[in-house]
Each structure stands twice: as structure tokens, then as C-alpha cells.
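Here are a few exercises to work through with the model open beside you. Take each task at your own pace, then compare with the solution.

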Amino acid sequence: MNDAAPVQYVAKNMRVDLRLIAGMVAEKTRVLDIGCGDGTLIDHLFRTKQCDARGIEIDMAEVTRAVIHGLPVMQGDADSDLANYPDAAFDYVILSRTLQAVERPREVLRQMLRIGTHAIVSFPNFGHWSVRLQLLLRGRMPMTAAWHRMWYETPNIHPCTIEDFFDLCRQDGYRVEQWLAADEAGASTPWRRFPALANLFGEQGLFLLRKA
Amino acid sequence: MDSGQTLGETLHQSVTFEDGLALDCGRHLASLTVAYRSYGTLNADGSNAILICHALTGDQYVAESHPLTGKPGWWEAVVGPAKPIDTNRFFVICANVLGGCMGSTGPRSPHDERPYEPWGTEFPAVTIQDMVRAQKRLVEHFGIAKLFAVIGGSMGGMQVLAWAALYPQMVFAAVPVAAAAYHSAQNIAFHEIGRQAIAADPFFYAGRYWAEGVTPERGLAVARMTAHITYLSEAALTRKFGRRLQTATDLTMLGDRFEVESYLQHQGSSFVHRFDANSYLTITRAMDLFDLAAEHDGNLAAAFGGSKIRFLLVSFSSDWLFPTAQSRAIARALNHVAANVSFVEIPSDKGHDAFLLDEPDFHRTLRGFLTGCAEHAALP
């Protein structure tokens, strides 16, 4: 591992789940993508679904790249900046592979479902068998494609499993309208109707929520 | 030398509106002249017009050599054929602000009641919003119903914000650069030093210096020198001048001058040949008065309610005059009304002046934003 490399969110450049997320968004809707990186998803949503799609990104270099490509992206932070938006300003608020890296994931979710009628959340699943096996057999923090930074420098301060996420949705009264588990290649896996299996075999979880 | 003469005789392209202009202060200017320059060609449906708003000491000569100084236009790096604001594609207008001294109605214009002499310090207090109302007259004069974009830095950025607040239906995209929604106490304080320097000049004659055939050059130069420091940064001054001496190699205490001193003096003395002291007083006061939220009970978001404008906010990391926090506050206010807003901070050590200088990231950002907006506006 290169110590000099700047800390980035896990798999920032891996866009494996973006196609699946785009499939959950209806045409001509208002979308806010939190942690949008260089804006690949909002560009896709504008071009293929005529969405009014915008982005927030914490990394200024990514923001600049997005704006240079003509995309409406502003520098901002999921933890602090969602509170600025009015209620129900968007049809979809998307948080792709960023939930595990925010300071207050529960509050971020609450804000997402305040400013948007739907929330779309994806995260790497800490319940995947390879993660469990590594911890069981080696007794060390797991290192996988999704969890590839040492514990002392990972930005992923709030990892969770698919089952954990279901629990939080129940607890906070969010209705899961769609969900699926996918492997790292982004293909939807065949265990999607069984949370316990998805929690074991899915490398990432993807949820479409709304307030119950 | 007679700088009044130097300033006086240049003919500027302008249009005069005989019905004048109602001002925020309650006064009504009997007649309104707006001096301007334009570049490029307005298309048939008038949809490709960009209005550029200049800063405190800028003027309408954006992209051509200045008629008084002979220097290149103040934004030639940004405006021109194939430049980020591409005059092959857009029709670009820039007007001298109300209260200015490059041909628009201002303290050097004939007094409404005593037309045989200029207004001088009797010129009514104008606001940033008044400047925008004057620009609107010019835009309508061109038959333009909706500007594709309004773009400006510093005080120009204040005008952009005022455009967005006053005439949202006339603006498709707005780009306030290195701007703020109000002038801060620190900024007002620096302006006051400049105004006091002008007032203390024995050649000021209570603003009636024209009658004496002189100009308060010393005072105006000191005002410019003070202001110029605020446009730079400590890092930029160090990089440009350090502690280098003008002539000697070692400090001998024999009247040695630091390079930074002679640079500032040059800035001051060249300024007085292209700017009128009373205009400086009028325009700095207009900036000081600017507080967009004040008209909405302190709620800046209310100034932009329901706005369909696409915004691009740009700040520069070393700008301490209009710091990034000010742009971020505007971005948050725009978020409050779910406006379409892009916001970037460009890393630069050049201070506030960075918006005028060679900043490739800024230029690429501006170009990309306008290209994206043109696509959304279905501009050919």
C-alpha cells in the first residue's frame, strides 16, 4: 500500500453499482447524488433519463472535474450540508458507497428522507463471507476488494452488514421499496429474496427507501 | 499635470435613456447614460447574450486595449474568440457601472439642476441594485429578453447576485466569482481608509477639485495602494517581491527602497490617470451598502426563492477579501431554495486578484459550466 496516496472513500472510482442505481430512478425526476465524485451518475441520469440531477462532493478536485464537464456539482459534506435543503426538494437522494464513511450515518439517512421522497443507498457489506472468514481464521481486520485499507487509515468508520441495515430501517420507520445484493462486478446476485443469504454472499447492498 | 484633462476627453460608446432612472435612495436621475462595449454577434432570437459586470475599478473595456492606458483589456484571458467566454459563440456586453467615470452617468456627468457643472460629491448615493437597473435598460435596448449568462468578479459578482435577485426571469445562468452577499466590516474599513485619504488630500477641495483644475492624486493613489494590498496575498507578495531592494543588493539605510514599495507607488500613480476620485467615493460606498439579505429580513435564501437560474460560484483559496466562506454562505442559501448550484474553490496563492489572472482551473471551470448551460438552454 502506498502511504503517500491521499485517503479516499472506498472504491470511489469503481462505478459497479451505478448502473443498478440508475435502474431505480424514474425518468424526468429531481435527483441529488451525495458523494457524486466526478459526476458520472448525474451525467448518466441527465442523458438517459432527462433527470434534473445534481451532486455534492467533498473532494474539491473531483468537484472541479465535474463542473469542467458542465455538471451541476458543489463542494459539500454529507454530514453537515444536507440540513440546508428544504423538505422534499428531490424525488431521489442517492448515497453510493459513502454511508460507511460518514460521521453520523443515521442522521444522514434521516436528512436524505427529509429532503427527498426516496433515498437510494448502497454500501459494501461487512457481512460477506470472505470478511467473516478472514476475521475468524486470521483474527485480523479483513482486507478485501471493498475493504482494502488498513484499520488505522480507513475512512470507513461505520461499516455495517445488510442485516444491520435492515434493522436500522425497521427501527427508524423506513420502508424498503426495493433492495438487492450485488457482487463487485455489479451483477445482481441470485440470493436477493433472502436477506440472510444476501448478507453472506452479497459484496454490496443496494436499497431504495421511502418513509413508511 | 492635469489628469482631469486625461480623463475627460475620451469618447465612449454609449446609449442615453432620456427618462432617467429611479434610484434606491429615492432620487430620480433626469437622464441615464450607459457606456458599454460589446463583442461577438447577437443571434436571431437574442438567446446568446452574456453580460459581464466589472469590479470596483474596472470598466467596459473587457477584451480590447484600454483607450486611456493602452493596456490589454482587464479580462482578455477569459473573453475573446475561443476563450472560456467565447465571442465566436456568445454576444458579450459589458457596461460601465452607474457612478463610474468611463462614460456612464456618474459624478463627472452634468448636474441635474446645474448642468453647467458636474455632480461631484453631490451625485446621489447609488447601490449595486441601481447599477443593475441601469444595465437592465441597456440589455432591453439590445432587444434581449433573457440573458444567457451574467458573469462578474468581486463587485461584479455582487451585481450578478443582484441580477439573480431582482430579475431572475431574465437570467439563465449566473456566475458570481470571488463575491459576497454583503460587504464585510473589514472590507468597509479598508474602503474608509481610501475615502479618508482622498478627503485629506489638499487638492480634494471638498469634492469640487474640477473647479480648481486639479485632482486629489495623492489621496486617490493612497486609496489605490491600500486597496491593492487587499487584492493580493502574503504569499503572492512574498513570491513577487520578498524583501528585495529596488536598487541596492544590501540594506544600507541610505534611502533604500523595497521593491514592494515602488510597485505599490506605481499602482497608485498609474491609477489616478484613469479614475475619478468622486467616482471612487461613490462606488466604494455602493459596495459598502450591499447586503442582499437585508432586504429579506436577513434571510439570504429568500432573495433567491423559486430561482430557476443555474449558478456557478467560484472562490479562490488565498482570497481574504472575499473569502471562500462568503461563497459557501451563498451556496448554502441557494441550497435552501433547492436552486441549481455548482460551487468550486480554486487553489491559488494569488489572493482576490486571482479572478483576473491566469488561473487555468478557473478558466476551464468557467468554460465547462457555460458549455453545460448552453446544452441545457439548447443553444446551438
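## Exercise 1: a core residue and its surroundings

Task: Which residues does B:Ile50 touch, not counting residues up to four places away in sequence?

Solution: B:Ile50 touches B:Ile85, B:Phe90, B:Val92, B:Leu147, B:Phe148, B:Ala149 and B:Ile151, leaving out residues up to four places away in sequence. Contact here means C-beta atoms, placed from the backbone, within 7 Å. This is a predicted model, where local features need pLDDT of at least 70, side-chain atom pairs count only at pLDDT 80 or more, and totals for chains, interfaces and linings use all residues. Residues are numbered from 1 along each chain as its sequence is written, while chains are lettered from A and ligands numbered from 1 in the order in which they are written.

Next, step out to the core. B:Ile50, B:Leu147 and B:Ala149 have the most contacts inside the largest nonpolar core, which has 171 residues. Such a core joins buried Ala, Val, Leu, Ile, Met, Phe, Trp, Tyr and Cys residues through C-beta atoms within 7 Å; buried means 20 or more other C-beta atoms within 10 Å of a residue's own.

## Exercise 2: two helices across the chains

Task: At what angle do H3(A) and helix H11 (residues 360-376) of chain B pack?

Solution: Their angle is about 45°, with the axes 7 Å apart. H3(A) is therefore oblique to H11(B), a word for angles outside the ranges under 35, 65 to 115 and over 145 degrees. Axes are lines fitted to C-alpha atoms over the stretch in contact, and angles run from 0 to 180 degrees between N-to-C directions. Helices are DSSP runs (H or I, at least four residues), numbered from the N terminus. Finally, find the partners: A:Thr64, A:Val67 and A:Ile68 meet residues of H11(B), including B:Arg364 and B:Phe369.

Methods:
Helix = DSSP H or I, 4+ residues; strand = E, 2+ residues; numbered from the N terminus. Contact = placed C-beta atoms within 7 Å. Buried ≥ 20, exposed ≤ 12 C-beta atoms within 10 Å, placed from the backbone.
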